[in-house]
Amino acid sequence: MQITGMLYGSQLLDFVDFPRAEVLGPDADEEAIKAMIERHGSVFVKPVFKGGVGKKGKAGLLGRARDLKSALTEKERLYFVEHRHGNQVAKANGVTFEGAVPAEHEVYFSLSVSTEFRAPTLTLTHCGGMDIEEVDEKHIARVPFDALTGMKAFVVANALIDIGAPSEIISPLVQQLPKLWELYHNFGMTVLELNPIRMRPDRRGRLTPVACDFKCGFDRDDSRWHRLNLPPHLFAADYSDFEQEINQLRTHQGQSDVYVINDKGTILAPTFGGGANSLVTEMLGDDAIISSDFGGNPPYEKMKSVAAICFDHWLAQSNVLFVIGGKSNNTDIFETFRAMADALREHFSRHGPTPLFVVIGRGGPNLVRGMAVFRDTCEALGLPYRFFGFDSAMSEVVDYAREVNEWMKAGGREQIATRLGLEAPAKAA
């Protein structure tokens, strides 16, 4: 759940009075654009994307205009542009016009929780305006600090001195950057990044840090982000009915992260845990229908609702129901499996049976009781199944699910359909 760009980033920065570039949205009229150009000399035209997608500048998706005609030409080019970065594809819906900020110095700044330090961590360099991975390590400060005391001015000052930042930028940054901790900490953010912050001189030559680009991510299960009054559509990566239905469950305990990988896939894989999700998504490839993380110890009601939505949308085309996760520390396996089994039973009652092979790989509290519930359900519904416990390598379980999928494509689906009494089973691709 991310916000990128200055359209909404400028509103968040205004909460803490952090200086930022002047921004006009997609609905800006020609007079406002012309007036901005006159004030700043030029404007940058940037496409507005949902969620976070990187490398826009390197892809040429950034326009600069010094007159109204050029600005409108760039608006036409970028308004609905499509951008592909890795396996991400995003389509713009609008542009922003941002006033140019003259500066000699550019700064990169970010706040996040470091798994290395187990603490909130400041990342800072005076070599901003470029990817942090491309900056020499000697110019980067990564400084953990105590969340109880917050990011104090001395933390920023020491970080800048340690990396040899120019003396003229230290005092202005020490005054302004601590404001960003308030924004990060008070509204449930997981990451906050400004790149670049341009150090704009005033008439007396004193520098002011001005944010020229913005990125942040939220923990959507932390309710404090609601206080920002952001429109809900910002956090929908897609408009599919399936993802919208799953996202409605965000108000409940537990995670419900889901993304449709291949709407023609044949393995429905509800996954528990981020590590499991990464491995499973990579190994299943195009056979996977969704990428998901339903961990976080969801209660029975939520897990049943999540499973029911998945089954309603995808079970008819699935060869394999693949429930997979690592060895849980606190998720009650019995509760989650009981909820999914009940949802599967009710789906068959409403829509009739469908040829399916159930594969489960899991570990954690109440595992045996949970598998017993799923076993009883599969046998009652006449579905073949194979369960793997915590002592099985996850990669081998994924390989087994793929082998079952190939067997289903090669005639296994018809065999199961005959066993279920279905005359003309629908073939999965």
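Colleague: Why is K46 called buried?

Modeller: Its relative accessible area comes out at 17%, and buried means under 20%, exposed over 50% and partly exposed in between, using a 1.4 Å probe and protein chains only. So K46 makes the cut. Bear in mind that this is a predicted model, where local features need pLDDT of at least 70, side-chain atom pairs count only at pLDDT 80 or more, and totals for chains, interfaces and linings use all residues. Residues are numbered from 1 along each chain as its sequence is written, and side-chain values use heavy atoms, with hydrogens and water left out.

Colleague: What makes K46 and E98 a salt bridge?

Modeller: The closest N and O atoms of the two are 2.9 Å apart. The rule asks for a side-chain nitrogen of Lys or Arg within 4 Å of a carboxyl oxygen of Asp or Glu, so this pair qualifies.

Colleague: Where in the chain do K46 and E98 sit?

Modeller: K46 is in strand β3 (residues 43–47) and E98 in strand β7 (residues 95–99), so named because strands are DSSP runs of E with at least two residues, helices are runs of H or I with at least four, and both are numbered from the N terminus. The two residues are 52 apart, and the pair links distant parts of the chain.

Colleague: How do you know whether E98 is buried or exposed?

Modeller: E98 has 3% relative accessibility, so it counts as buried.

Colleague: And E137 with R142: what makes that a salt bridge?

Modeller: Their closest N and O atoms are 3.0 Å apart, so the pair passes that cut-off too. E137 is exposed, at 51% relative accessible area, while R142, at 40%, counts as partly exposed.

Colleague: Which parts does the bridge between E346 and K304 tie together?

Modeller: Those side chains meet at 2.6 Å, N to O. E346 lies in helix α10 (residues 333–351) and K304 in helix α9 (residues 300–314), so the pair joins parts 42 residues apart in sequence.

Colleague: Why is K304 called partly exposed?

Modeller: K304 has a relative accessible area of 21%, which means it falls in the in-between class. Its partner E346, at 33%, is partly exposed as well.

Colleague: Which residues do shared partners join into one network?

Modeller: D287, E406 and K409, through salt bridges.

Colleague: How many salt bridges does the structure hold, and how much of the chain is buried?

Modeller: There are 15 salt bridges, and buried residues make up 51% of the 429 in the protein chain.
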